[in-house]
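I opened this notebook page to record what I looked up in the model, beginning with the contact between the chains and then moving to helices and strands.

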Amino acid sequence: MGDMSLDNLSSQYFDVLKELGNIGAGNATTALAQMIGTKVDMSVPQVRLLDFKDVGDMMGGAEQIMAGIYLAVEGDIDGSIMFLLNKNAARHLVDKLMGTGHKPDEADFDEVELSALKEVGNIITGSYLNSLSMMTNLKLVPSIPFVAIDMAGAILSVPAIQFGMMGDKILLIETQFFDELKLSGYFILLPDMDGYTKILTSLGMGDISI
Amino acid sequence: MSQIIKVGMADLNICVSPDGITTLGLGSCVGIAVRDPVTKIGGLAHIMLPDSKEIKNNSNIPKFADTGIEELIKRIVAKGASRQRLVAKIAGGAQMFAFQSGNSAMRVGDRNVQATLKKLKEMNIPVLAQDTGDSYGRTVIFYPENGNFVIRAVGKPEKTI
């Protein structure tokens, strides 16, 4: 298991990671609905294992402006979690949360709005981690959130580099939320390779060779 | 008709004037543009990590500063450029999140820049200009015709180094 890499992940393992993604994203959607006080629907999350060079295209191009919220994770697993959504969607959520009415999509975020956005990321990733923690019985402690608003490629370089230390693919979970608008959100969960082993072992999959 | 060749993440390619070559949304990665000013043959590498020797799974040549730069130079020279005339410009290596701890993985932007400069120095390729560090992403376009390295960032005026 020491040499485990995402590049040669068996379909069985992929299915488990997919299911973790589904449940985590489901909980995150519930949290989002409570936060903005409206009903939010969610599409079935798409779990993708992508080559680095294709990552940018996923989100509408490497130059698509996105908001990325990043938290380090400690506890039984070392790693990090990132939640990304495009800037328009981030603007929509922040406007809703602050109740200040809709600002133009291209309006920059002020300090207060940025911290609201961090809080959105905090709650969404927190509920995601909670469900993962409950399923696996692993202790997962997130750091405070950090936010960046920039080109998709640039934000994604951070998790891509971390995946790059282990292999040549990146695991991405895409979820679409719907309230009045369709919002695409992306989760990237980044345990170290040891962490993947721990997650899978705790789910009773540790003995399967990959 | 000239075209602009696209280079992805952990990828590299070469081009000949009047064509240009680009990579979009460099974050902590580094873009290394090299050309021979006489033949106007050039190329661009988009590296992600500083050192192939630090990592066990290191068969992906363009992913690392050391192996990526070697391969880029090899391909530019194979196309007919003079090894002695090659010059470089670099961009990227940002720290995208204000996240500080003892975690060296989070300072990878800076380590990528240092490794890139070191490798270019070892190979005696002068670095004519660089736009690195800080905390924002960069899209770069390189023209081997005149060596212009155009840098675009969100909310900032375009610049050429």
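**Entry 1: the two chains.** I began with the contact between the chains, where 28 residues of chain A are in contact with 27 residues of chain B. I note at the outset that this is a predicted model. On the side of chain A that touches chain B, I found that helix H2 (52–58), S3, strand S6 (146–151) and helix H5 (152–164) of chain A each supply at least two residues. Which element gives the most to that side of chain A? I found that H5(A) does, with ten residues. Sorting the residues of the side of chain A that touches chain B by character, I noted 17 nonpolar, seven polar and four charged.

**Entry 2: a helix pair in chain A.** Next I looked up how helix H1 (residues 11–36) and helix H4 (residues 111–136) of chain A pack, and I noted an angle of about 140° with the axes 8 Å apart. Because of that angle, H1(A) is oblique to H4(A); the cut-off I needed here is that angles count as roughly antiparallel when over 145 degrees. The crossing of H1(A) and H4(A) is right-handed. On the H1(A) side, the residues that meet H4(A) include Leu20(A), Ile23(A), Gly24(A) and Ala28(A), while on the H4(A) side I listed, among them, Val120(A), Ile123(A), Ser127(A) and Tyr128(A). I wrote down that the residues of the contact of H1(A) with H4(A) divide into 13 nonpolar, six polar and no charged.

**Entry 3: strand S4 of chain A.** I then turned to strand S4 (residues 79–86) of chain A, and asked how many of its eight residues are buried. The count came out as eight of eight, and the strand is mostly covered. Gly79(A), Ile81(A), Phe83(A) and Leu85(A) point one way from S4(A), whereas Ser80(A), Met82(A), Leu84(A) and Asn86(A) point the other way, and all are buried. Looking for the pairing partners of S4(A), I found strand S3 (residues 65–75) of chain A, joined to S4(A) by eight bridges and running antiparallel to it; here Ala67(A) stands opposite Leu85(A). The connection from S3(A) to S4(A) is a hairpin through three residues. S4(A) is also joined by seven bridges to strand S8 (residues 182–191) of chain A, again antiparallel, and in this pairing Ser80(A) stands opposite Leu190(A).

**Entry 4: strand S6 of chain B.** In chain B I looked up strand S6 (residues 87–92), which is largely enclosed by the rest of the structure because five of its six residues are buried. Strand S4 (residues 30–36) of chain B pairs with S6(B) in the antiparallel sense over six bridges, and there Arg35(B) has Val87(B) as its bridge partner. With strand S7 (residues 127–132) of chain B, S6(B) runs parallel and is joined by five bridges; in that pairing I noted Ile90(B) opposite Gln130(B).

**Entry 5: an open sheet in chain B.** Last, I traced a sheet of five strands in chain B, which is open, has the order S1-S3-S8-S9-S10 and is mixed in its pairing. Its edge strands are S1 (4–6) and S10 (159–160) of chain B, each of which pairs on one side only. At the S10(B) end, strand S9 (residues 148–152) of chain B is joined to S10(B) by two bridges and the two run antiparallel, with Ile151(B) standing opposite Lys159(B).

Methods:
Residues numbered from 1 in each chain as written. Chains lettered and ligands numbered in written order. Predicted model: local features only at pLDDT ≥ 70, side-chain atom pairs only at ≥ 80, totals over all residues. Pairing = 2+ DSSP bridges. Helix = DSSP H or I, 4+ residues; strand = E, 2+ residues; numbered from the N terminus. Buried ≥ 20, exposed ≤ 12 C-beta atoms within 10 Å, placed from the backbone. Contact = placed C-beta atoms within 7 Å. Nonpolar A, V, L, I, M, F, W, Y, C, P; charged D, E, K, R; others polar. Axes fitted to C-alpha atoms, helices over the stretch in contact; angles between N-to-C directions. Parallel < 35°, antiparallel > 145°, perpendicular 65-115°, else oblique. Left-handed = near helix turned anticlockwise from the far one by under 90°.
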